[in-house]
Amino acid sequence: MRFHNQIFIALILGAVVGALTSADTRLFGIQLLAIHDIVGSLFINALKMVVVPLITSALIAAMINMAGGRDLGRLGIKTLTWYFATTTLAVLTALVLFNVMTPGIIDGQPAGERLGLATQTDAVVAGMAERGAGDFAGIILQLFPPNIIQAGAEGQLLGLIVFSILFGMFLRNQQGQAAETLKQVIVGFYETMVAITLFIVRFAPIGVYALIARTVTQTGYDAIEPLAWFFFTVLIALFIHAFVVLPILIRLLARRSPGRHIQAMTPALLTAFSSASSSATLPLTMECTEQRAGVSNRTTSFVLPLGATVNMDGTALYECAAVLFIAQAYGMDLSLGSQALIVVVAILTSIGVAGIPSASLVAITLILTTVGLPAEAIGLILATDRLLDMARTAVNIWGDSVGAVIIGRSEGEEGILDVPVSEMEQRHQINQRGQ
């Protein structure tokens with residue numbers, strides 16, 4: 001059975017079981033609500049367990065493979081600038097839309113009570129009251145932690161990101177057998193962490209079932225309305241970024257047709273949507289960008305592999321949206337400084353998120369703790385995560401391919417999106433026959 005079907009069944013089953021049981025219902029003498037609580041907590045703890053090793057190894061491996069033996073140069077600077085700029089635009093889109101639509105506020109009241117947060121709200125609001133613009137001094141200090149082990153234990157991701165980038169950059173330039181061995185070890189460690197994360201994510205249906213059953217048992221179906229508003233608000237934000245912001249950039253910076261590029265990237269976008277994995281879709285993304293859009297191999301081979309690792313427009317947007325929704329559900333009136341903090345951390349954590357299904361859940365737990373929200377609150381959005389994961393992965397791939405087109409054009413490449421996709425494919429077939 002396909003994974004998203006498992007999620008849907010778990011969601012429905014959890015809702016039904018939660019509606020048919022109460023807090024006093026017992027199974028073999030054990031309180032059923034307690035079983036759901038334990039299973040849901042185990043899933044959340046498993047996600048938190050892989051945060052530090054997954055993100056640090058992903059960043060170091062990305063830096064090792066970034067240049068592929070060549071200097072970053074002009075192409076590298078353009079690529080990183082594009083990724084940072086579009087990720088920032090994506091996060092700001094979520095920030096503006098969630099402040100306007102406020103999906104965490106239902107009928108003028110925070111949705112926390114409907115979502116079973118009422119017992120925690122006072123404590124969380126009190127902890128958040130001291131956070132805001134004053135935290136920026138602390139953030140600057142977190143960039144260079146005196147003890148990275150302690151920083152990891154305390155969830156200070158910014159310091160880990162800086163250390164990982166520096167470590168990867170300097171290791172890439174090291175020569176000799178010891179350095180090469182260390183590079184292989186780190187890449188192997190990262191691939192192992194990806195495998196572990198995928199293993200944990202396989203249990204997402206069980207986690208979704210337990211968390212939904214617990215929520216419905218405690219609150220009934222009052223939780224459906226705020227979750228629906230959250231779901232559709234995220235989709236609207238993703239749509240604006242993918243089909244308004246990025247097409248405008250193609251038209252202005254590359255002077256090419258956005259519609260033609262969408263047509264060229266359709267196979268990759270559908271694959272990304274169905275697999276929810278930008279890494280798994282990378283070969284097809286490169287093929288579509290090079291053979292159907294006409295971008296050179298020099299550009300695609302550099303821009304797209306890097307983008308599959310560090311450029312996550314949809315993921316950054318979703319991280320910001322999820323944290324804002326949870327904060328609104330708690331009834332928090334976030335200050336400008338607090339929202340700026342969320343933007344900064346969402347941008348930075350999206351860099352370290354692996355291109356695998358539901359990996360953004362790992363980063364969201366870090367953002368929640370950074371801004372003073374309980375990591376357990378991530379359970380509120382798991383019911384809608386799979387579909388939104390598919391949508392934001394497609395946006396991630398789309399952002400990478402748009403970057404390849406714009407960077408290729410800035411490098412003076414001709415033939416990018418000059419002719420219809422069908423003609424481009426015919427040319428490619430003729431070239432293959434000639435070879």
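Mentor: Let's get one definition down: a residue is buried under 20% relative accessible area, exposed over 50%, and partly exposed in between. Also, keep in mind that this is a predicted model.

Trainee: Got it. So is Glu-180 buried, partly exposed or exposed?

Mentor: Glu-180 comes out at 35% relative accessibility. Buried would need a value under 20%, and exposed one over 50%. That puts Glu-180 in between, so it counts as partly exposed.

Trainee: Which residue does the side chain of Glu-180 meet in a salt bridge?

Mentor: Look along helix α9 (residues 177-201), three residues away from Glu-180, which is about one helical turn. The partner there counts as buried, at 11% relative accessibility. The N to O distance is 3.2 Å, and the partner is Lys-183.

Trainee: How many salt bridges are there?

Mentor: The rule asks for a side-chain nitrogen of Lys or Arg within 4 Å of a carboxyl oxygen of Asp or Glu. Among the pairs that pass is Asp-389 with Arg-392, at 3.5 Å from N to O. Those two sit in helix α18, three residues apart, and both are buried. The count by this rule is three.

Trainee: How many residues apart in sequence are the parts that Glu-411 and Lys-78 tie together?

Mentor: The closest N and O atoms of this salt bridge are 2.6 Å apart. Glu-411 counts as buried at 19% relative accessibility, while Lys-78 is partly exposed at 25%. Glu-411 lies in the loop between α18 (382-410) and α19 (421-434) and Lys-78 in helix α4 (residues 73-101), so the separation in sequence is 333 residues.

Trainee: On to the inside. Which helix gives the most residues to the largest nonpolar core?

Mentor: That core has 98 residues, and Phe-230 and Leu-373 touch the most other members. Phe-230 has contacts with residues including Phe-98, Tyr-318, Phe-325 and Leu-388. As a general point, nonpolar side chains in soluble globular proteins tend to be buried together. The helix that gives the most to this core, with 12 residues, is α11.

Trainee: What span should helix α15 have at 1.5 Å a residue?

Mentor: Helix α15 runs over residues 313-329, which makes 17 residues. The expected span is 1.5 Å times one less than the number of residues. The end C-alpha atoms agree with the expected value, which is 24 Å.

Trainee: And how many of the residues of α15 are buried?

Mentor: Buried means under 20% relative accessible area. One residue within 313-329, the range of α15, is Cys-320, which is buried at 0%. The helix is mostly covered, and the buried count is 17 of 17.

Trainee: How many disulfides does the structure hold?

Mentor: A disulfide needs a pair of cysteine sulfur atoms within 2.5 Å. Cys-288 is buried at 2% relative accessible area, but the number of disulfides is zero.

Trainee: Last one: which residue in the loop between α11 and α12 (258-275) has a positive phi?

Mentor: Its phi is near 55 degrees, although the residue is something other than glycine. At 64% relative accessibility, it counts as exposed. Thr-102, also not a glycine, has a positive phi of about 40 degrees, but its place is in the loop between α4 and β3 (105-106). The residue in the loop between α11 and α12 is Arg-255.

Key
Residues numbered from 1 in each chain as written. Predicted model: local features only at pLDDT ≥ 70, side-chain atom pairs only at ≥ 80, totals over all residues. Heavy atoms only, no water. Buried < 20%, exposed > 50% of the residue type's maximum accessible area, 1.4 Å probe, protein only. Helix = DSSP H or I, 4+ residues; strand = E, 2+ residues; numbered from the N terminus. Core = buried A, V, L, I, M, F, W, Y, C linked by side-chain atoms within 4.5 Å. Contact = heavy atoms within 4.5 Å. Lists of a residue's contacts leave out its neighbours within four places in sequence.
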